[in-house]
Amino acid sequence: MPTPSLASLPIRRLTLRDLAACADLSQDRGWPREEHKWGFLLTAGKGYGIDGPDGGLVSACVVTEYGPHEHPALAAIGMVLVAERHARQGVGRRLMRHVVSAMGPTPLTLHATPNGRPLYEELGFKVTGRAEMVCGHFTPGGADPRVATRAATAEDLAAILRLDEQAFGTDRTHIVTRLPAFADQLRVAEEDGRIIGYAAAWPNMDTHVVGPLIARDTAVAQALIASLAAHTDRPLRTDIDVRHEELLVWAKKRGLASIAFNSVMAYGITELPGDWTRRFAPVTVAAG
């Protein structure tokens, strides 16, 4: 029988049953398998994929929606992958067109690698900023800020959600409430009994990814990173908005080296909602 063309293969919703296939696709493209992150994204968001005629996924991506369930205020697209054997055949473009259409009037955002950016620009996405990935073993030292930090408790959740919505610009309760199970650490910074920042560190292969990182100012962000580092032996990795120059300089002095830059892009809006001055790093670039 003739092999079906890629253009005729159906696009379907992915579920947790597709976790291994998604990890296989990541591995096929030379990415880490990242099963822990895939599981988080597939439960918190919507996965889309195309099955190959020879088995396995040809392409996949995940969309994470924020705000009211019926009328999301923002959606983040991530983990856009195409199997190596089907690369440069238009399948990624087809999947992205489908997702953009399916999301209707909902504004979209994503983090684009230099290789992916031309496709997204073709689809109408505009660059709104940049993020720098840094990674390394954190080295304490110097005059670190004297900001009180501690492990978060269940009683902190309401205050964390309020702070997060102010900084992010829309509700993401379904993400924040999953952090205690997803992350190895969830810590808060406080002043006079009031929470002024929070951050998580979640396991990804041999590193701990710092994200989200929401803080009143740079000094609070520094204190949160230092407190997370003090409770792990793994290298830290995070993606910091390049407008936070002071934090990036400090992180590099503490042993975190620059690894890559991604373009922050948006569709349907000219800039992301919320207060970027308090939004230092995303949960993961795949979820905004």
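E34 is a buried residue, with a relative accessible area of just 7%. Keep in mind that this is a predicted model. E34 sits in the loop between α1 and α2, and those two helices make a good place to start looking around. After them come the nonpolar cores, the cysteines and a few spots with unusual backbone geometry or exposure.

**The α1–α2 pair**

- Helix α1 covers residues 19-28 and helix α2 covers residues 35-44. Their axes come within 10 Å and cross at roughly 130°, which makes α1 oblique to α2.
- As for handedness, α1 passes α2 in a right-handed crossing.
- Which residues meet where the helices touch? On the α1 side they are L19, C22, A23 and S26, and on the α2 side they are E35, W38, G39 and L42.
- An α-helix has 3.6 residues a turn, so residues three or four places apart point the same way. That's handy to remember when you look at the contact residues.
- Helix α2 is mostly covered, with seven of its ten residues buried. The buried ones are K37, W38, G39, F40, L41, L42 and A44.
- W38, G39 and L42 turn up both in the α2 side of the helix contact and in the buried set of α2.

**The nonpolar cores**

- The largest nonpolar core holds 38 residues. W38, L41, L179 and Y198 have the most contacts inside it.
- Two of those names, W38 and L41, are also on the list of buried residues in α2.
- There is a second, separate core too, made of 25 residues. Among them are I225, A251, L256 and F280.

**The cysteines**

- A disulfide is a covalent bond between the sulfur atoms of two cysteines. How many disulfides does this model have? The count comes to zero.
- Why is C22 not bonded? Its closest cysteine sulfur belongs to C61 and is 9.8 Å away, so that is too far for a bond. The cut-off for a disulfide is sulfur atoms within 2.5 Å.
- Looking from the other side, C61 has its closest cysteine sulfur in C22, again at 9.8 Å and too far for a bond.
- Buried or exposed? C22 counts as buried at 0% relative accessibility, and C61 is buried with a relative accessible area of 0%.
- C22 is also one of the α1 residues that meet α2.

**Backbone oddities**

- Back to E34 for a moment: it has a positive phi of about 50° although it is not a glycine.
- R88 isn't a glycine either, and it has a positive phi of about 60°. You'll find R88 in the loop between β4 (74-82) and α3 (91-102).
- E34 is buried at 7%, whereas R88 counts as exposed at 74% relative accessibility.
- The peptide bond from G211 to P212 is cis, with omega near 0°. P212 lies in strand β10, which spans residues 207-215.

**A loop residue to find: D192**

- D192 is in the loop between β8 (185-191) and β9 (194-204).
- This residue, D192, is exposed, with a relative accessible area of 81%.
- How far apart are D192 and A148 in sequence and in space? They are 44 residues apart in sequence, and their C-alpha atoms are 9.6 Å apart in space.

Notes: Residues are numbered from 1 along each chain as its sequence is written. This is a predicted model: local features need pLDDT of at least 70, side-chain atom pairs count only at pLDDT 80 or more; totals for chains, interfaces and linings use all residues. Side-chain values use heavy atoms; hydrogens and water are left out. Buried means under 20% relative accessible area, exposed over 50%, partly exposed in between (1.4 Å probe, protein chains only). A nonpolar core is a set of buried Ala, Val, Leu, Ile, Met, Phe, Trp, Tyr and Cys residues joined through side-chain atoms within 4.5 Å. Axes are lines fitted to C-alpha atoms, for helices over the stretch in contact, and angles run from 0 to 180 degrees between N-to-C directions. Helices (H or I, at least four residues) and strands (E, at least two) are DSSP runs, numbered from the N terminus. Angles under 35 degrees count as roughly parallel, over 145 as roughly antiparallel, 65 to 115 as roughly perpendicular and the rest as oblique. A crossing is left-handed if the near helix is turned anticlockwise from the far one by less than a right angle, and right-handed if clockwise. Contact means heavy atoms within 4.5 Å.
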